[in-house]
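Let's take a walk through this structure together. Have the sequence and the 3D view at hand as you read on.

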Amino acid sequence: MGVKILSIGAWAPEKILTNDDLSKMVDTSDEWIVSKTGIKTRHIADENSATSDIAIEAAKIALERGNLKAEELDMIIVATTTPDFQGFPSTACVVQGKIGAVNAGAFDLVAACSGLAYAIEVAKGLINNGKMKNILVMGAEKLSSIVNWEDRNTCCLFGDGAGAIILSKGTDSEGDIIDSIIKADGTGEDALKVKVGGSRHPLTNTLPEKADICLSMDGQAVYNFAVRVNTEMLTEILERNNLKAEDVKWIIPHQANYRIIKAAAKRLKIDEEKFYMNLADYGNTSSASIGLALNEIYEKGLISRGDYIITMGFGGGLTYAANLIKY
Ligand code: UT7
């Protein structure tokens with residue numbers, strides 16, 4: 001029995017922040033941001049919205065497209081680095097309550113930008129255990145809530161959004177999550193971090209510096225890591241499944257920087273066009289980015305049942321993960 005993608009949805013807030021808008025906030029320019037990253041705009045949630053509000057919009061679309069009622073969900077997994085609350089309740093629980101998924105368990109998964117790829121493999125395992133049929137897997141972020149809007153090194157990179165996938169038990173002839181690579185290198189914990197607010201440095205102890213409660217990043221360290229692991233993961237997942245890049249319809253990488261993808265494509269001698277990119281419009285939405293890209297592919301009619309796709313995530317932790325999926 002396979003574990004198929006029943007449906008796909010995604011949502012991003014309406015408000016758009018352009019590179020020109022950013023150049024009025026920090027010392028940057030459209031030219032720098034586009035040439036260094038490929039990002040032109042990002043979507044930003046309003047002050048009153050939390051990650052669950054963004055996730056719920058994506059979930060509703062996926063449920064409707066899958067012709068599934070919320071009551072038919074057995075589990076909700078929200079991959080996020082920007083949960084509604086520190087600690088608990090989980091964002092997944094908030095989503096569960098608000099969409100009325102009364103028969104579903106719910107938990108958050110923290111694997112930064114690899115979160116959706118991790119969650120897909122976890123959901124596959126839960127379905128294959130035999131007790132669950134339908135699982136709503138989401139990557140959802142309100143990164144604007146942890147961006148330091150005074151730091152030009154990071155504020156031009158990130159945006160808000162959510163991607164949702166409903167995975168369901170299928171028959172042998174339907175789609176499947178064929179293989180996954182789920183890895184981490186925790187020695188790189190300092191490369192991407194929110195330093196203060198957890199149990200290491202609780203907010204209750206001291207009044208923190210603003211920069212310390214926001215996302216901080218060693219851009220070049222993450223860049224080098226990303227090119228290496230994307231290259232390794234793609235080689236491994238293709239080789240061990242006896243596939244060539246030509247057999248795959250789309251490689252959907254985490255949307256962080258077009259230069260990272262360009263470099264990996266060059267190393268692997270794979271046509272850049274094989275990598276689906278939409279970061280120009282959304283920026284880096286961490287765990288949401290693969291879902292937003294997959295949804296766009298679906299909405300544009302660029303994928304058919306039976307096509308192979310590969311997702312690839314990398315990010316804070318450091319984590320990295322990939323899924324080979326027969327759609
Ligand atoms: O999903 C999480 C994963 N995160 C990533 O994948 C990020 C990976 N890293 C990157 O994408 C790149 O490292 C960046 C896009 C973040 C930066 O590109 P870079 O080529 O590594 O630039 P840099 O950090 O070496 O900075 C070059 C210069 C610096 O000036 P000096 O020191 O050479 O005078 C920066 O201060 O560019 C400056 N700079 C900027 N200038 C204008 C940094 N940010 C900006 C900015 N506008 N926004």
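## A pair of strands to begin with

A good starting point is Ala184, which stands opposite Thr319 in strand 13. This is a predicted model, so please read every value here as computed from it. The strands behind that pairing are strand 8 and strand 13 (residues 319-326), which run antiparallel and are joined by eight bridges.

## The four-stranded sheet

Strands 8 and 13 belong to an open sheet of four strands, with the order 8-13-12-11 and mixed pairing. At its edges you will find strand 8 (176-184) and strand 11 (250-253), each of which pairs on one side only. On average, neighbouring strands of this sheet are turned by 10 degrees against each other, direction ignored.

Two helices are worth following here. Helix 7 lies across strand 8, strand 11, strand 12 (308-315) and strand 13, and runs at about 150 degrees to strand 12. Helix 10 lies across strand 11 and strand 12, with an angle of about 150 degrees to strand 11.

## The five-stranded sheet

Now turn to the other open sheet, in which five strands follow the order 1-7-6-4-5, again with mixed pairing. Strand 1 (3-11) and strand 5 (105-109) stand at the edges with a single partner strand each, so one side of each has no neighbour in the sheet. Here neighbouring strands are turned by 20 degrees against each other on average, direction ignored.

Within this sheet, strand 6 (residues 134-142) and strand 7 (residues 160-169) run antiparallel, and nine bridges join them. To find one of the pairings on screen, look for Ile135, whose bridge partner in strand 7 is Leu167. Helix 3 (residues 51-65) packs on the sheet and touches strand 1, strand 6 and strand 7; its direction makes about 130 degrees with that of strand 1.

Helix 10 (residues 289-299) turns up here as well: it lies across strand 1 and strand 7, running at about 100 degrees to strand 1. Helix 10 therefore has contacts in both sheets, since it lies across strand 1 and strand 7 and also across strand 11 and strand 12.

## Around the ligand

Which residues are closest to the ligand? They are Thr28, Gln220, His254, Asn257 and Asn284, out of 23 residues that surround the ligand. By class, this shell has 11 nonpolar, eight polar and four charged residues. Helix 2 (30-37), helix 6 (152-155), helix 7 (219-239) and helix 8 (258-268) each supply at least two residues of the shell. The largest share, four residues, comes from helix 7, the helix that also lies across strands of the four-stranded sheet.

Several side chains place polar atoms by the ligand. Gln220 has a side-chain N or O atom 2.6 Å from an oxygen atom of the ligand. For Arg259, a polar side-chain atom lies 3.2 Å from a ligand oxygen atom. Trp32 has a polar side-chain atom 3.3 Å from a nitrogen atom of the ligand. Altogether, the protein covers 73% of the 950 Å² of accessible area that the ligand has on its own.

## Backbone details to check

Most peptide bonds are trans, and most residues other than glycine have a negative phi. Against that background, a few spots in the loops deserve a look. The peptide bond from Phe88 to Pro89 is cis, with omega near 0 degrees, and Pro89 lies in the loop between strand 4 (75-79) and helix 4 (91-99).

A cis peptide bond also joins Gly317 and Leu318, where omega is about -5 degrees. Leu318 sits in the loop between strand 12 and strand 13. Finally, Asn67 is not a glycine, yet has a positive phi of about 55 degrees; you will find Asn67 in the loop between helix 3 and strand 4.

Conventions:
Residues are numbered from 1 along each chain as its sequence is written. This is a predicted model: local features need pLDDT of at least 70, side-chain atom pairs count only at pLDDT 80 or more; totals for chains, interfaces and linings use all residues. Side-chain values use heavy atoms; hydrogens and water are left out. A residue is near a molecule or strand if one of its heavy atoms lies within 4 Å of it. A polar contact is a pair of N or O atoms within 3.5 Å; within protein, one must be able to donate a hydrogen and the other to accept it, and residues adjacent in sequence count only if both atoms are side-chain atoms. Accessible areas come from the Shrake-Rupley method with a 1.4 Å probe; for residues, only the protein chains shown count as cover. Ala, Val, Leu, Ile, Met, Phe, Trp, Tyr, Cys and Pro count as nonpolar, Asp, Glu, Lys and Arg as charged, and the others, Gly among them, as polar. Two strands pair if DSSP finds at least two bridges between them. Axes are lines fitted to C-alpha atoms, for helices over the stretch in contact, and angles run from 0 to 180 degrees between N-to-C directions. Contact means heavy atoms within 4.5 Å.
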